[in-house]
Structure formats: structure tokens, C-alpha cells
Amino acid sequence: MDIYGIIGYPLTHSFSAKFFAEKFKRENINAEYLNFEIKSILDIREIIIFNQHLKGLNVTIPYKEKVIPFLNSLSAEAKKIGAVNVIKISRKSDDFYFYELTGYNSDYIGFKKSLIPFLQSSTHRYALILGTGGAAKAVAYALTDLDIEWLTVSRSPTKGSIGYCDLTADIIAKHTIIINTTPVGTFPNSDECPNIPYKLLTTNHLLYDLIYNPEETLFLKRGQEQGSKTKNGKEMLELQALEAWDIWSREA
Ligand code: NAP
């Protein structure tokens with residue numbers, strides 16, 4: 001039986017195991033999906049050698065960037081984004097220790113596909129990305145693909161990003177897409193939200209939260225109070241998982 005799985009730490013919140021177990025059952029696929037909760041990325045070698053039927057892995061927090069030195073190659077997108085959330089494993093049937101790992105990024109595809117239906121070309125030309133982690137890089141790559149200019153907002157602004165206290169009325173008025181890629185507002189801290197001037201939001205704004213638990217974060221609620229359109233991270237999550245399956249199922 002083929003095996004797929006996810007590496008990360010912690011994995012208590014993992015959506016993927018449930019998603020793939022249901023998919024395999026529904027579509028009669030003879031495969032199993034396992035959680036590999038690892039405290040160090042060095043453990044990836046052992047997982048791959050001791051699970052010879054393992055064909056693919058998802059990668060989640062905190063390893064999306066740390067896993068890159070362990071891979072043999074990267075897709076063009078993963079290379080540009082600098083983060084990997086899908087690994088395809090190739091082996092030689094006669095050599096227990098031979099394997100090749102290729103890294104991909106399906107987060108950016110999930111984000112891009114889920115954003116497109118909400119875009120109005122005349123209104124949505126500039127975006128603010130809150131946070132500068134792995135997910136922010138995938139979001140930035142997708143926005144560039146869509147010809148949307150973006151600016152990152154960080155707690156420690158450096159060259160190329162601004163701080164939360166720099167969010168003036170002009171900046172908010174210009175950037176009609178605001179994407180939360182920080183974990184702020186995730187369950188159980190559902191009473192928190194990124195520190196942006198919500199009062200300046202309008203009906204032209206689209207607020208996108210990568211968080212999917214809770215389904216409606218305080219960030220989205222405060223946007224709705226201003227009449228802004230909102231979208232949570234659930235569809236992105238499902239689309240990136242489907243894309244991972246396509247990657248694993250493709251012939252080498
Ligand atoms: P990450 O690498 O830890 O980055 C998160 C970024 O958020 C950090 O770089 C940081 O940027 C900012 N941040 C962290 N703690 C903060 C705080 N207390 N206040 C303000 N800003 C803070 O995580 P990630 O992998 O990018 O993931 C981020 C979020 O996206 C997570 O909630 C994850 O579950 C979600 N996600 C969802 C999907 C999906 O399919 N829906 C896919 C991927 C990720 P600064 O230091 O620059 O402020």
C-alpha cells in the first residue's frame with residue numbers, strides 16, 4: 001500500500017490527515033496518510049528510509065524553509081518562493097537507501113486559485129501582506145503572477161516592508177486587498193487580530209485571512225463591520241491539498 005504523510009511540529013491541528021483519509025476512502029484509493037510529528041528536521045532521513053512505501057510528504061510549520069537543504073531539487077516556483085510544502089519521493093526498487101526528493105509549493109496555487117473569483121480588475125491592483133513568513137512568500141509570488149503590486153507589513157520592518165504604525169489613511173485607501181498571513185487570531189486566541197486601522201476600511205476592500213480555524217476570525221469580522229468583502233483560508237487549504245495529490249500522482 002502506498003503511504004503519504006505530513007511532517008511538522010506540533011501536528012495536533014493537522015487538517016491533511018483527515019482530508020486524505022476521506023479522499024482515499026471516497027475514491028477507493030489503496031493508500032494511507034500518516035502524521036510524522038518530528039522535533040528536528042534531521043529526522044526526515046529516517047522517515048524516508050524506514051517507510052519504503054512513502055511516496056510523498058506535505059510539510060508544515062516549522063519546516064517549510066528548513067527542509068530545503070535536504071532536497072535534491074526544487075520546482076521553479078518553490079525555488080523563487082523559498083518555501084516547500086510538498087515533497088515527491090522517487091526511489092530505485094533495488095536500493096533501500098537510494099531516494100530523490102523534489103520540493104514543490106502548492107500553497108501559492110491554492111491561494112491564487114481561491115483569490116481569483118474575488119478580484120475586480122479596476123479596484124484590486126494593490127495589496128498589503130501582513131507578516132513575512134513562508135506563507136507570506138507564497139502569497140507574494142501568487143500576487144506577482146496576478147499583476148497585483150504588494151507591500152509587506154512586519155513587526156520588524158526592514159528594507160521592502162513597512163511597520164504596522166506606518167499604515168496611514170493613504171496606504172489603506174490605495175491597498176484594497178489586505179491579506180493576513182500571520183497566525184494572529186488563530187484558535188484559541190480568537191479574540192486577537194492584526195493591529196491595522198480597521199476604521200479606514202471601505203466597501204472596496206477585500207480582507208483575506210489565511211487562518212481557517214476559526215472560520216470567521218476577528219480580522220474578518222472587523223472588516224465586515226466596515227462593509228469590506230472577506231474570505232478565510234479554508235478553500236486555499238483544500239486547493240493546496242488537491243494540488244499536492246496531483247504532484248504525487250504525476251509520472252516522473
Ligand atoms: P510563520 O513562518 O511562522 O510566519 C508568520 C509571520 O507572521 C511571521 O513571519 C511574522 O512576521 C508574523 N507574526 C508571527 N507572530 C506574530 C504576532 N504575534 N503578531 C504579529 N505578527 C506575527 O508562519 P507561516 O508558515 O507563514 O504561516 C502563517 C499562517 O498562515 C499560519 O496561521 C498558518 O496556519 C497559515 N497558513 C494557511 C494556509 C492555508 O492553506 N490556508 C497555508 C499556509 C499557512 P513579522 O515577524 O515580519 O511580523
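Ser228 is found in the loop that joins helix α7 (218–225) to strand β12 (229–231). In this predicted model, Ser228 counts as buried because its relative accessibility is 7%, below the 20% limit that defines the term. The points below begin with Ser228 and then turn to the ligand, to helix α4 and to Pro157.

**Surroundings of Ser228**

- A polar atom in the side chain of Ser228 lies 2.8 Å from the backbone oxygen of Thr202.
- Leaving aside residues up to four places away in sequence, Ser228 touches Leu201, Thr202, Thr203, His205, Leu207 and Gly223.
- Thr202 therefore appears both as a polar partner of the Ser228 side chain and in the list of residues that Ser228 touches, where touching means heavy atoms within 4.5 Å.

**The ligand and its pocket**

- The ligand takes up the space of the largest pocket.
- There are 19 residues around the ligand, and those that come nearest are Thr132, Ala135, Ser154, Arg155 and Thr181.
- Two helices, α5 (134–145) and α8 (234–249), each supply at least two residues of the shell around the ligand.
- Backbone atoms of the protein approach oxygen atoms of the ligand: a polar backbone atom of Gly134 is 3.2 Å from one oxygen atom, and a backbone N or O atom of Ala135 lies 2.8 Å from an oxygen atom.
- A nitrogen atom of the ligand lies 2.9 Å from a backbone N or O atom of Leu210.
- On its own the ligand has 910 Å² of accessible area, of which the protein covers 76%.

**Helix α4**

- Helix α4 spans residues 107–115, and seven of its nine residues are buried, so the helix is largely enclosed by the rest of the structure.
- The buried residues of α4 are Asp107, Tyr108, Ile109, Gly110, Phe111, Ser114 and Leu115.
- The cover over these buried residues includes the helices α3 (76–81), α5 and α8, together with the strands β10 (177–180), β11 (206–209) and β12.
- Helices α5 and α8 thus belong to the cover of α4 and also supply residues to the shell around the ligand.

**Pro157**

- Pro157 lies in the loop between strands β8 (149–154) and β9 (161–163).
- Is Pro157 buried, exposed or partly exposed? Pro157 is partly exposed, because its relative accessible area is 43%, which falls between the limits of 20% and 50%.
- Pro157 touches Ile162 and Gly163, when residues up to four places away in sequence are not counted.
- Pro157 and Leu42 are 115 residues apart in sequence, and their C-alpha atoms are 31 Å apart in space.

Notes: Residues numbered from 1 in each chain as written. Predicted model: local features only at pLDDT ≥ 70, side-chain atom pairs only at ≥ 80, totals over all residues. Heavy atoms only, no water. Helix = DSSP H or I, 4+ residues; strand = E, 2+ residues; numbered from the N terminus. Buried < 20%, exposed > 50% of the residue type's maximum accessible area, 1.4 Å probe, protein only. Polar contact = N/O pair within 3.5 Å; in protein donor to acceptor, adjacent residues only side chain to side chain. Near = heavy atom within 4 Å. Areas by Shrake-Rupley, 256 points an atom, 1.4 Å probe, with all protein chains shown as cover. 1 Å grid on protein atoms, 1.4 Å probe; cavity = no way out; pocket = protein on both sides within 12 Å on 5 of 7 lines; lining within 4 Å. Sits in = over half its atoms within 2 Å of the grid points.
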